[in-house]
Amino acid sequence: MRKNIVAGNWKMNLSENEAIQLAKEVAEIKVSNAEVIIFPPAIFIPTISKLGLDIKIGAQNFYPKSNGAFTGEISINQLKEAGISYVIVGHSERRTILKEDNEFLKEKVNAALELGIHVIFCCGEELAIREKGTENEFVKNQLVESIFHLNADQLKNVTIAYEPIWAIGTGLTASKEQAEGMHLFIRETFASQYSQELANGISILYGGSCNPTNAKELFACPNVDGGLIGGAALKSADFSSIASSF
Ligand code: PEP
């Protein structure tokens, strides 16, 4: 059986005190049917990790080399030492603002998996692509170029997050039909590339203006296994309500 996951991407928000407070509140969220993960800004990860809270911690980003002359970057090895067990790869903000392409994301996926860090791999189309009706091909290509070189064993440590770019931070949410349609397509793509058994076991999260009002409807879709949450993850009450929406 695949896992339900609710992951909070705090992005470049919060002061240290606010981050500590939010981490403590999120650790109090007790849901039996979902894994709860937080992705704080990297600078707060060691402090939050040392609190010893009952919560999984992930990194929003890293550089895919173990060490060396990469000024300003942080390696996955260093983040692992700081206490992370998850990492986000392929978030649209890094694809568009930081110009990370499919080939570079493949390197990041490999580097994380080599160290046993679970990858949440984001994919999703921009509005113009959806308006053209080519979103399936677009998302499939993202998977082909960054994920489909992995073997079945490696994929046990990968979760997919479908995040239509037009829905991220915009207040626009994919309808349940749009979300379920793409999640089913992604699962079927894994089934034809690997096997139905593998496809059935892979968690596929939805991301894009998910909030306490729409989470129940989205999570009720048969192929939606939770959410990657941005804005609504910054308020523990909202995040708690989303985490309790299965
Ligand atoms: C995200 O950045 O992954 C995201 C889904 O953001 P938001 O929930 O704010 O749309």
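How much area does the protein expose, and what share of it do carbon and sulfur atoms supply?

1. About 11200 Å² is exposed, and carbon and sulfur atoms supply 50% of that. Accessible areas here are Shrake-Rupley values with a 1.4 Å probe, and for residues only the protein chains shown count as cover.

2. A quick word on provenance: this is a predicted model, where local features need pLDDT of at least 70, side-chain atom pairs count only at pLDDT 80 or more, and totals for chains, interfaces and linings use all residues. Residues are numbered from 1 along each chain as its sequence is written, and side-chain values use heavy atoms, with hydrogens and water left out.

3. On the overall fold, I see twelve helices and eight strands (DSSP runs numbered from the N terminus: H or I of at least four residues for helices, E of at least two for strands). The C-alpha trace spans about 45 × 45 × 35 Å along its principal axes.

4. The radius of gyration, taken over C-alpha atoms, is 17 Å, which agrees with the value near 18 Å for a compact globule of 246 residues. That rule is 2.2 Å times the number of residues to the power 0.38.

5. Of the 246 residues, 51% count as buried (under 20% relative accessible area, 1.4 Å probe, protein chains only). As for contacts (heavy atoms within 4.5 Å), 71% of those between residues at least 6 apart in sequence join residues at least 24 apart.

6. One residue to look at is Ser92, in helix α4 (residues 92–96). Ser92 is buried, at 9% relative accessible area. Neighbours within four places in sequence aside, Ser92 is in contact with Ile97, Ile165 and Ile168.

Methods:
Buried means under 20% relative accessible area, exposed over 50%, partly exposed in between (1.4 Å probe, protein chains only).
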